[in-house]
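Dear colleague,

I am passing a structure on to you, since you have not worked with it before. Please look through the sequence and the model first, and then read the notes below them.

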Amino acid sequence: FTGAGQHSDSIKMALSPRSVSVGQRLWNALSAWTIKSSGYQKLGLRRDDLHMEERPEVAEAIRRLPEKEQYLRLFRIKRALDLSLKHSLLPHDQWTKPEQDVLYLEPYIEQVKAEMKERKTWNKQ
């Protein structure tokens, strides 16, 4: 199994003793392992790139993104599709690093969901 050392580093970081409970450290380790094993980072994607655009709240959130972020998202997705069709991965130095894998779309999605919920509440009255 290649890359086992890379996985163990993130798991060690998640399990390092801090003021975090044992349960939280185990959850962090599981999360780190899941992210690493899913493989999207090897295609240059970010976690928020995996949201399905067919969901209304995601489509609206994408529409609200700054134009540059929309372009970068589309580029990452097209590149990942191309790599997938070719059955290949990006060179290791081009993989998405954990510090680059920021949730850029999630705040917009949460805002849209809150607005949809509020609209639904107002429509009931």
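What follows goes from the whole chain to one pair of helices.

Please keep in mind throughout that this is a predicted model. The protein has five helices and zero strands, so that, read along the sequence, its pattern is α-α-α-α-α. Of its 125 residues, 29% count as buried, while the surface that the protein exposes comes to about 9,000 Å², with carbon and sulfur atoms supplying 60% of that area. If one takes the contacts between residues at least 6 apart in sequence, 70% of them join residues at least 24 apart.

The pair I would point you to is helix H3, which covers residues 56–64, and helix H5, which covers residues 106–124; their axes come within 8 Å and cross at roughly 125°. Because an angle counts as roughly perpendicular from 65 to 115 degrees and as roughly antiparallel over 145, H3 is oblique to H5. The crossing of these two helices, H3 and H5, is right-handed.

Which residues of H3 and H5 meet? On the H3 side they are Pro56, Glu57, Val58, Glu60, Ala61 and Arg64, and on the H5 side they are Tyr108, Ile109, Gln111, Val112, Lys113, Glu115 and Met116. Sorted by character, the residues of this contact between H3 and H5 comprise seven nonpolar, one polar and five charged.

With best wishes

Note on methods
Residues numbered from 1 in each chain as written. Predicted model: local features only at pLDDT ≥ 70, side-chain atom pairs only at ≥ 80, totals over all residues. Heavy atoms only, no water. Helix = DSSP H or I, 4+ residues; strand = E, 2+ residues; numbered from the N terminus. Buried < 20%, exposed > 50% of the residue type's maximum accessible area, 1.4 Å probe, protein only. Contact = heavy atoms within 4.5 Å. Areas by Shrake-Rupley, 256 points an atom, 1.4 Å probe, with all protein chains shown as cover. Axes fitted to C-alpha atoms, helices over the stretch in contact; angles between N-to-C directions. Parallel < 35°, antiparallel > 145°, perpendicular 65-115°, else oblique. Left-handed = near helix turned anticlockwise from the far one by under 90°. Nonpolar A, V, L, I, M, F, W, Y, C, P; charged D, E, K, R; others polar.
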